[in-house]
Amino acid sequence: MSWNALFRRNLFIFNVRHRSFATKKAANPVARPNRWRSVIGLEVHAQIQSESKLFSGAEVSFGAPINACVALVDASIPGTLPVLNRRCVELGVRTALALGCEVAPVSAFDRKHYFYADLPAGYQITQQRAPLARGGLLTFPVFVPGVTKKPYYKSARLHQLQLEQDSGKSLHDPVERKSLVDLNRAGVPLMELVFEPDLETGEEAAALVKELILILTRLGSCSCRMEGNGLTDPDR
């Protein structure tokens, strides 16, 4: 038998065996163990339902003219000092108690330094080392038709709840090739809720946010409306 004929014979045997192996594998698939597991921890920022900012008396108004709601301290004018908004603290404590947190008898603010055009002071006033509250637990139902087999309850631990100010907003004009800054949001009060990485799916993350929205709106601590603050009480 010539080398050419021997090569073609062996190639034919190899193809037959390969097809046979592929057919058996398709008929009896072996489930490979999944080596990856998703671990999800959420950090949620909620705008506190207050008519004034966290450290100034400037109005919090969605849709106001550019730079119409800016106090001297919001623009970081030299010599100005922040004054803490009492209502923001009260609503933060109310939220912490509703989530089962331990409210700290003493909390403090820190400076988070970073440079950006819409941060006039060059730092953000926030809480990290001594936040308003720690601990807490949020239990919520999870059910998505067609995704989850049946409804179940999931719990996520709350690491801490802290207060912080929002930054401004940069406006980029591609025609004029200029960047402008709107400081209406600079100093807007926020609650930052930091959850432990106790979630495993995107459906659980979405369910947590939905449950949190129900709690915050029921407490009146946040409107949870991205299109505005939703304030109706003139005394706020």
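A residue counts as buried when its relative accessible area is under 20%. By that criterion Phe 55, with a relative accessible area of 9%, is buried. I should state at the outset that the model under discussion is a predicted one.

Phe 55 belongs to an aromatic pair, and the structure holds 1 such pair. Its partner is Phe 109; the ring centres are 5.2 Å apart and the planes stand at 75 degrees, so the arrangement is edge-to-face. Phe 55 sits in the loop between β1 and α2, while Phe 109 sits in the loop between β2 and β3, so the pair ties together parts that are 54 residues apart in sequence. Phe 109, at a relative accessible area of 30%, is partly exposed.

I turn now to helix α2. The helix covers residues 86-98, and its 13 residues should span 18 Å at 1.5 Å a residue; the end C-alpha atoms are 19 Å apart, which agrees. Which residues of α2 are buried? They are Cys 88, Leu 91, Gly 92, Thr 95 and Ala 96. Viewed down the helix axis, these buried residues fall within an arc of 140 degrees, so they line one face of α2. In general terms, an α-helix has 3.6 residues a turn, so residues three or four places apart point the same way. The face of α2 turned away from the buried side carries the exposed residues Arg 86 and Leu 97. The cover over the buried residues includes β2, β5, β7, β10 and α3.

As to the ends of α2, Asn 85 caps the N-terminal end, with a side-chain oxygen 3.0 Å from the backbone nitrogen of Arg 87. Just after the helix, Gly 100 adopts a positive phi of about 75 degrees.

Next comes Cys 101, in the loop between α2 and β2. Cys 101 counts as buried because its relative accessibility is 9%. Its C-alpha lies 5.5 Å from that of Arg 134, although the two residues are 33 apart in sequence. Beyond its neighbours within four places in sequence, Cys 101 is in contact with residues including Ala 96, Ala 133, Gly 136 and Leu 158.

Finally, the core. The largest nonpolar core has 33 residues, and Leu 193 and Phe 195 have the most contacts inside it. Elements giving two or more residues to this core include β1, α2, β7 and β10; α3 gives the most, with 6 residues. Outside its neighbours within four places in sequence, Leu 193 is in contact with several residues, among them Val 44, Leu 99, Leu 158 and Leu 212.

Methods
Residues are numbered from 1 along each chain as its sequence is written. This is a predicted model: local features need pLDDT of at least 70, side-chain atom pairs count only at pLDDT 80 or more; totals for chains, interfaces and linings use all residues. Side-chain values use heavy atoms; hydrogens and water are left out. Helices (H or I, at least four residues) and strands (E, at least two) are DSSP runs, numbered from the N terminus. The expected span of a helix is 1.5 Å times one less than its number of residues. Buried means under 20% relative accessible area, exposed over 50%, partly exposed in between (1.4 Å probe, protein chains only). The arc is that of the directions from the helix axis to the C-beta atoms. Contact means heavy atoms within 4.5 Å. A polar contact is a pair of N or O atoms within 3.5 Å; within protein, one must be able to donate a hydrogen and the other to accept it, and residues adjacent in sequence count only if both atoms are side-chain atoms. A nonpolar core is a set of buried Ala, Val, Leu, Ile, Met, Phe, Trp, Tyr and Cys residues joined through side-chain atoms within 4.5 Å. Rings of Phe, Tyr and Trp (its six-membered ring) pair if their centres lie within 6.5 Å; planes under 30 degrees apart count as stacked, over 60 as edge-to-face and the rest as tilted.
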